[in-house]
Amino acid sequence: MIQGTGLPVFPGVAIGPAFVHETAKLELPTAWGSAAEERQRFTDAKAQAQAQLQTLLEETAARLGQEHAMILDVQIMMLDDLDYVEAIEARIDGGDSAAHAVQETGEEFAEVFASMDDEYMKARSTDVRDVSRRVVEILCGFSSAMTMDVPGVLLAEDLTPSETVQLPKDKILAFVTRKGSANSHTAILARTMGIPSLVAADVDLSAIHSGDTVIVDGFTGQCYIRPDESTLAEMTAKQAEAQTAKEALEAYRGKETRTAKGRKVKLYTNIGSPDDVELVLKNDGEGVGLLRSEFLYLGRDTYPTEEELYTAYRQVVEGLQGRPVIVRTLDIGADKQADYFQLDAEENPALGLRGVRLCLSRPELFRTQLRAIYRASAHGPVSMMFPMIASLWEVQEVKALCKTIREELTAEGVAIGDVPLGVMIETPAAAVISDTLAHEVDFFSVGTNDLTQYTLAADRQNSALGRYCDPKHPALLWLLQRIADSAHAAGIWCGICGELAADATMTNTLMTMGYDELSVSPAQVLKIRKAISESEVVSQ
Ligand code: PEP
Ligand code: MG
């Protein structure tokens, strides 16, 4: 038996045969034509690659949603990049074969991207390698499309974005990759598919053969290859137990969310795109407590227009069929970067121009969002909230802008709904002055992910700081109680949309503190409804 450990990205247990995915080494041609012939072969292969990517993009958008398809759009555009094309043609003119010229140029560009400071640009090195390989494969008459005849566990060094979208998804029980992080494309896909998976796993792929039995424990991050009998028996029992627990949660579907003593609690969901609305409905979410609007800005080259934003928000509002949605205005900066924003490099990006700070410094950027959100509010219940608030003046400026936009739209004769305004409490300063802020807004939503990092001075992105990022630290619990008390003293409701809301061991504490709403990822709704219904907290 071989045992490995990785970073679990979705809970559950999967058992099945291994599919070891190796990116085959390409044999480049040893003889080639004249420069004119090779240039033509390159142009044809480039066009073929773009056509393949376009088909893949349409299939992916239909199956997995627009956000997963976006990476393919980036790759289609890369193939038209003038610098890239000219570099390849120059190599061909220098006597190189088309295949070798593409391979070398792809590698050269990938290294340039990888050496950049900007995280978004760094990530593009995978795309340029990926898209160059596609062209080289076409030039060599080779195909790396993966086939799996029976369901199994996919093990790979890493999966490129175009490999992930081409995977035979109906056959994959789990992923295990040696590379990747909690927010890598593979991890996001595993969460969307709801399958137990590990990234950054320390397994030696050369010691595993396709067909070997593999067990992935998405609860602990362990995986076992060619398990011994007792491990197989133990994990089969754990899988059955997980399945039984999942089925037991079905009893909570369609039920109202109330504590054992009858106190009503709102149980909402966190989503990132209109495609996720389907998951909200499937998992019985009562609404959306956090729509992370960054998805509309990332993975593209230009700012979305008011019309694009409005269409996306309207899609969410209509998809929710009367359930409420809280749209968070853009929280870009820090770990979420888009190149076209041309943000200055910062020494401490988490303490920099992010969230509402960026919006207030770029009034046009903010205006477009506010207009789109207000317009969408004509189609169903919409609230709006602002990230990274630390001071009263920020809330007052934001409210003044909202008032101006409302008046502007009304004067234009545009229909808008009543849009309650809230703030995210995710800086210690906002928590401390929550008694003042509570008189300014209609609700609070606590972002415990950031509140934890800022209170404990522990970077949430740094995996080495795991035990320092403790949302149950007494300092956090003290702030959480203060926030709830401030909200209730001013007569407004308060909720939590950070990851702590999905921790069932904390549900009773949060109910005791008086929280009125919890917003969790769709797959966690039934688990938290059960935890709330078992809480003995009396009606308040
Ligand atoms: C949070 O900080 O807890 C939160 C919900 O926002 P994000 O994770 O998007 O920063
Ligand atoms: Mg946050």
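Which backbone atom of Gly-447 lies how far from an oxygen atom of ligand 1? I looked this up first, and found that a backbone N or O atom of Gly-447 lies 3.4 Å from that oxygen atom, a polar contact being a pair of N or O atoms within 3.5 Å (within protein, one must be able to donate a hydrogen and the other to accept it, and residues adjacent in sequence count only if both atoms are side-chain atoms).

I noted that this is a predicted model, in which local features need pLDDT of at least 70 and side-chain atom pairs count only at pLDDT 80 or more, while totals for chains, interfaces and linings use all residues. Residues are numbered from 1 along each chain as its sequence is written, ligands are numbered from 1 in the order in which they are written, and side-chain values use heavy atoms, without hydrogens and water.

Next I checked two other residues at ligand 1: a backbone N or O atom of Thr-448 lies 3.1 Å from an oxygen atom of the ligand, and an N or O atom in the side chain of Arg-460 is 2.7 Å from one. I then read that ligand 1 taken alone exposes 290 Å², of which the protein buries 99% (accessible areas by the Shrake-Rupley method with a 1.4 Å probe; for residues, only the protein chains shown count as cover).

Finally I sorted the shell around ligand 1, and its residues divide into three nonpolar, four polar and seven charged (Ala, Val, Leu, Ile, Met, Phe, Trp, Tyr, Cys and Pro count as nonpolar, Asp, Glu, Lys and Arg as charged, and the others, Gly among them, as polar). Helix 16 gives the largest share, three residues, helices being DSSP runs of H or I with at least four residues, numbered from the N terminus.

Definitions and conventions
Helices (H or I, at least four residues) and strands (E, at least two) are DSSP runs, numbered from the N terminus.
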